[in-house]
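Got your viewer open? Let's walk through this one stop by stop, with something to select at each.

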Amino acid sequence: MSEVKYKRIVLKLSGEALAGDKGYGVEHTVLSAIARQIVEVVNHGVQVAVVVGGGNIWRGISGSEKGMDRATADYMGMLATVINALALQDALENENITVRVQSAIEMKELAEPYIRRRAIRHLEKGRVVIFAAGTGNPYFSTDTTAALRSAEIEASAILMAKKVDGVYDSDPMKNPNAIKYERLSYMELLQQGLGVMDSTASSLCMDNRIPIIVFNLMEEGNILKAAMGENIGTYVGE
């Protein structure tokens, strides 16, 4: 196999991806499959950090739409990401990979606090780092967390793992004639509102020149292919 293109990546996983077909909670078989893919990438010498969402357990925006205080709802969503991070940590450790969970909200019995230099040191030692609890602030998505952490740790790329094989001009699940983009600029992503990530996250990536690769998580081996720079999804960059 060809040489790895991206030496340090941030893998962005949605909470929904961990739920599998159940749509809620964590599906063990899906979690194990994702863990095996991450191990494959680590074994090729790639430094891997992960940001995982919490939508399979709780979505802050949904709570606020039903009358809950938005900040409270968002903090609940951050706690949901910690649950997912611990589940992924366990799955990776079952594959004999050393993992550190770093939380933006201090909970020392469960995770390390997020410290940038410590996270980089873990990555340099070949450990997988899972960033939990978002940015630690309400009103910011886990997409923004992925963009922010990528800039902080100087990641080579963000790998956006989805249930579809790239970015389309409309929902391919609803429109069989949807057109897939092979390549997009940051401005095209922002101006067309294509829903890859929110505008704050997209702007952060653009300002820091962090490429985004959107690909299908469900196909075995795709995380490694994306890290290798293979054309398996949609590339967003300059």
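The tour below visits two helix pairs and a pocket.

Before you start clicking, keep in mind that this is a predicted model.

**Stop 1: H2 and H4**

Select residues 28-42, which is helix H2, and residues 70-93, which is helix H4. How far apart are the axes of H2 and H4? They sit 9 Å apart, and the two helices pack at an angle of about 60°. Angles of 65 to 115 degrees would count as roughly perpendicular and those under 35 as roughly parallel, so H2 and H4 are oblique to each other. Turn the view to follow the crossing: H2 passes H4 in a right-handed one.

Now show side chains at the contact. From H2, pick Leu31, Ile34, Ala35, Ile38 and Val39; from H4, pick Ala87, Leu88, Ala91 and Leu92. Colour them by class and you get nine nonpolar residues, with no polar and no charged ones.

**Stop 2: the largest pocket**

Keep H4 selected, since we meet it again here. The largest pocket holds about 1,100 Å³ of space. To find its centre, select Lys12, Glu16, Arg59, Thr142 and Asp143, the closest to it of the 47 lining residues.

Which element gives the most to the lining? That's H4, with five residues. Other elements that give two or more include strand E1 (8-13), helix H1 (15-19), helix H3 (60-65) and helix H6 (142-153). Strands E6 (157-162) and E7 (167-168) are also on that list. By class, the lining has 18 nonpolar, 18 polar and eleven charged residues.

**Stop 3: H6 and H8**

Stay with H6 and add helix H8, residues 199-208. Their axes are 8 Å apart and the packing angle is about 20°, which makes H6 roughly parallel to H8. This time the crossing is left-handed.

For the contact, select Asp143, Thr144, Ala147, Leu148 and Ala151 on H6. On H8, add Thr200, Ala201, Leu204, Cys205 and Asn208. This contact has six nonpolar, three polar and one charged residue. Asp143 links the last two stops: it is among the residues closest to the pocket's centre, and it is part of the contact with H8.

Key:
Residues are numbered from 1 along each chain as its sequence is written. This is a predicted model: local features need pLDDT of at least 70, side-chain atom pairs count only at pLDDT 80 or more; totals for chains, interfaces and linings use all residues. Side-chain values use heavy atoms; hydrogens and water are left out. Axes are lines fitted to C-alpha atoms, for helices over the stretch in contact, and angles run from 0 to 180 degrees between N-to-C directions. Helices (H or I, at least four residues) and strands (E, at least two) are DSSP runs, numbered from the N terminus. Angles under 35 degrees count as roughly parallel, over 145 as roughly antiparallel, 65 to 115 as roughly perpendicular and the rest as oblique. A crossing is left-handed if the near helix is turned anticlockwise from the far one by less than a right angle, and right-handed if clockwise. Contact means heavy atoms within 4.5 Å. Ala, Val, Leu, Ile, Met, Phe, Trp, Tyr, Cys and Pro count as nonpolar, Asp, Glu, Lys and Arg as charged, and the others, Gly among them, as polar. On a 1 Å grid over the protein atoms alone, a cavity is a set of points where a 1.4 Å probe fits but cannot get out, and a pocket is an open set with protein on both sides within 12 Å along at least five of seven lines; lining residues have an atom within 4 Å of a point. Grid points are joined across faces, edges and corners, and a volume is the space filled by probe spheres set on the points.
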